[in-house]
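Here's a quick tour of the ligand sites, the metal and the internal voids in this model. Pull up the coordinates and follow along.

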Amino acid sequence: MKIMTTSYVLTIAGHDPCSGAGMTADLSTINALGGTGLSVCTALTVQNDLTFEQCYWTDPGIILDQLQLLLNSYPVRVAKIGIIENPDILRQIIRMIHEVSPETDIIWDPVLKSGSGYTFHRNLSVGGLSDIFEMCSLVTPNYDELRAIAENGNIKKAISDISSRCPLLLKGGHRSDAQKGTDILYFKDAISATLLPRNILDVNRHGSGCVLSAGIASYLARGYDLLQSCILAKEYTYRFLLADPAKRKAEHIALQYISTGKSPEEHLQHIQEVCISGGKWIQLRMKDHTEREIFDTAGKARDICTRYGAVLIIDDGVSVARAIGADGVHLGNNDLPPAEARNILGPEAIIGGTANTLEDIDRLQREGVDYIGLGPFRFTTTKKNLAPVLGLDGYSQIMETLQQLKTNIPVIAIGGITLRDIGPILETGISGIAVSGLLTPKQRVTTPGSTKDMIRMIGELIRHAAGPSKQTTEIVKHQ
Ligand SMILES: Cc1ncc(COP(=O)(O)OP(=O)(O)O)c(N)n1
Ligand SMILES: Cc1nc(C(=O)O)sc1CCOP(=O)(O)O
Ligand SMILES: [Mg+2]
């Protein structure tokens, strides 16, 4: 009997102990994109981000036994295949999928070499693989892989031979020429679609090809057509690459700095001061500025944050966040609804929402925000049209109820917070604080030295308050 639930995506791939690539990276992608991941491990590898030392292939009998059991148990919508010992085993796997589960789409990502240079296969050729292409719904080689299997180096002929049998996505992520980042999707009927990169990223993280093909598999499984799936997965991979490892590790950031300044230059100067001083989470909040000014400043703020490994979110402006490649947005009641922002910014984006009551938190959580900014804690002149002040009692009541309901969305406090408030606020179960005036006071001229001292003291208070059972602010959705 097949177990019926949502979209099952099967990855048949190697195990990478650092999860940058292979089966575990695929499963993370599948789960992040709303699928249910199944896996068959084709090899154990000894590798990390920089080096690949060894590959121990799984016994083909075990691969086929696991595959048969999964195909008999689950309605697998899409199977994505990564490293396989040789074309014969690949053939057996694909045939089994065809026989046991003919409705399953197969994506083959022909990995010939690891990112760090380990060679899995030599002497493969388009001609020798033609029966395999016939059984696939998509193959996703990068340019080097296509060149390696093209007979006599004839890339044009290789493209035409493959795409007459199945759609081909030629990935340009690793190219060093003008086509870097451009992927081309060739359909069977000689039509092609060029997928331009949103930005050229100077990142060659190992495993990005796995993330892209697992992303395509996940979107296909959810019912998108092939072109839509490639576009959406490309966007997802872009965000994955943008979130550099330092940022992805910055899961537990409990201090958000909200920028302030009389001019765009002052905003940038304050942001730089906070970043130099160790601040890791910045919100660009520019009121009473033109769209052009906000857009230009946001691009510069992004560069500063990238340089210092800080996360940047934009207050209100979803389109600005998307255009400059920010990590997310903070949305108020009059902004775009979180679900719409999510559609635009993608699953990896950090989306925060403003709340003043328990009902606000409940609604925002259902709308899919990643964290809540709950405020105001006390009166502040930084924001006009303040909601009713909550004070410590208001926070205690709301946090107690959330704990009773076992709701564990990160909630950060905001509004007029001083150094002395931090301990008592965190005692209520709040996971972090967002401050503007505390780091950029109106009366005193701040210097990197004084901001550093302040951030250090805030860090101490947060560390003291956060015992092992306390929730901290998880601002990154997916690793
Ligand atoms: C962390 C955090 N919490 C709340 C707010 C307030 O946002 P919003 O309601 O959109 O009001 P403005 O900041 O736009 O005036 C915030 N920005 N950050
Ligand atoms: C931006 C903002 N939002 C608030 C809310 O209650 O929603 S209070 C606030 C101002 C935060 O700055 P400061 O630390 O200077 O008070
Ligand atoms: Mg706002």
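A polar contact here is a pair of N or O atoms within 3.5 Å; within protein, one must be able to donate a hydrogen and the other to accept it, and residues adjacent in sequence count only if both atoms are side-chain atoms. One such pair joins an oxygen atom of ligand 1 to an N or O atom in the side chain of K383, at 3.1 Å. Taken alone, ligand 1 exposes 420 Å², and the protein buries 90% of that (Shrake-Rupley accessible area, 1.4 Å probe).

Before going further, some housekeeping. This is a predicted model, where local features need pLDDT of at least 70 and side-chain atom pairs count only at pLDDT 80 or more, while totals for chains, interfaces and linings use all residues. Residues are numbered from 1 along each chain as its sequence is written, chains are lettered from A and ligands numbered from 1 in the order in which they are written, and side-chain values use heavy atoms, with hydrogens and water left out.

Back to ligand 1: there are 16 residues around it (a heavy atom within 4 Å), and Q283, R285, K287, D315 and T354 come nearest. The polar contacts picked out for ligands 1 and 2 look like this:

| Ligand atom | Protein partner | Distance |
|---|---|---|
| ligand 1, oxygen | D316, side-chain N or O | 3.2 Å |
| ligand 1, oxygen | G332, backbone N or O | 3.3 Å |
| ligand 2, oxygen | P376, polar backbone atom | 3.1 Å |
| ligand 2, oxygen | T382, polar side-chain atom | 2.6 Å |
| ligand 2, oxygen | G416, polar backbone atom | 2.7 Å |

Ligand 2 on its own exposes 420 Å², of which the protein buries 94%. Its shell has 13 residues, with T380, T382, G416, S436 and G437 nearest. By class, that shell splits into three nonpolar, eight polar and two charged residues.

What holds the magnesium ion (ligand 3)? D315 and D316 coordinate it through OD atoms at 1.8 to 2.2 Å. Donors are N, O and S atoms within 2.8 Å of the metal (3.2 Å for Na, K and Ca), and since water is not among the atoms, sites may look incomplete. D315 counts as buried because its relative accessibility is 13%, whereas D316, at 27%, counts as partly exposed. The cut-offs are under 20% for buried and over 50% for exposed, with partly exposed in between (1.4 Å probe, protein chains only).

Definitions and conventions:
Nonpolar A, V, L, I, M, F, W, Y, C, P; charged D, E, K, R; others polar.
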